[in-house]
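Hi,

Here is the structure I said I'd pass along. Have a look first, and my notes follow below.

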Amino acid sequence: MFEQLISLKSPLTKRGIVEFVKGNHYLAHQLDNEGNILKQAPVSFKSLAHATQWLKRQGIYTISLRQSPAYIEMIGLDA
């Protein structure tokens, strides 16, 4: 219930992304409307749930997951 009230008070355009990098490290970023990083979490997280929780504490409820480009290149896939 409180998350719904917070999202009504905050602009609905706040977006975030969790980037999965080597091993079990996740980076969390707040994005602007053009996809540029506005704010990055001060630490990396060891789980997707922790990274998502950090973004929610920033008032971000639209969250995407992205595989690290370095990992994609390492395994030989085209991004």
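Contact here means heavy atoms within 4.5 Å. Keep in mind that this is a predicted model.

With that in hand, start at Ser 47, which sits in the loop between strand S3 (37-40) and helix H2. Setting aside its neighbours within four places in sequence, Ser 47 is in contact with Asn 24 and Tyr 26. Its side chain also makes a polar contact of 2.9 Å with the side chain of His 50.

Tyr 26 leads on to the largest nonpolar core, which has ten residues: Val 18, Phe 20, Tyr 26, Ala 28, Ala 41, Phe 45, Ala 51, Trp 54, Leu 55 and Ile 60. Strand S1 (15-21), strand S2 (25-31) and helix H2 (48-57) each supply at least two of these residues, and H2 gives the most, with three.

Trp 54 is worth a click. Not counting residues up to four places away in sequence, Trp 54 touches Ala 28, Lys 39, Gln 40, Ala 41, Pro 42 and Phe 45.

Now the charged side chains. How many salt bridges does a search of the whole structure find? Just the one: Glu 19 pairs with Arg 66, and their closest N and O atoms are 3.7 Å apart. This pair links distant parts of the chain, with Glu 19 in strand S1 and Arg 66 in strand S4 (residues 62-67), 47 residues apart. Are the two partners buried or exposed? Glu 19 is buried, at 11% relative accessible area, while Arg 66 counts as partly exposed at 37%.

Cheers

How values were computed. Residues numbered from 1 in each chain as written. Predicted model: local features only at pLDDT ≥ 70, side-chain atom pairs only at ≥ 80, totals over all residues. Heavy atoms only, no water. Core = buried A, V, L, I, M, F, W, Y, C linked by side-chain atoms within 4.5 Å. Buried < 20%, exposed > 50% of the residue type's maximum accessible area, 1.4 Å probe, protein only. Helix = DSSP H or I, 4+ residues; strand = E, 2+ residues; numbered from the N terminus. Polar contact = N/O pair within 3.5 Å; in protein donor to acceptor, adjacent residues only side chain to side chain. Salt bridge = Lys/Arg side-chain N within 4 Å of Asp/Glu carboxyl O.
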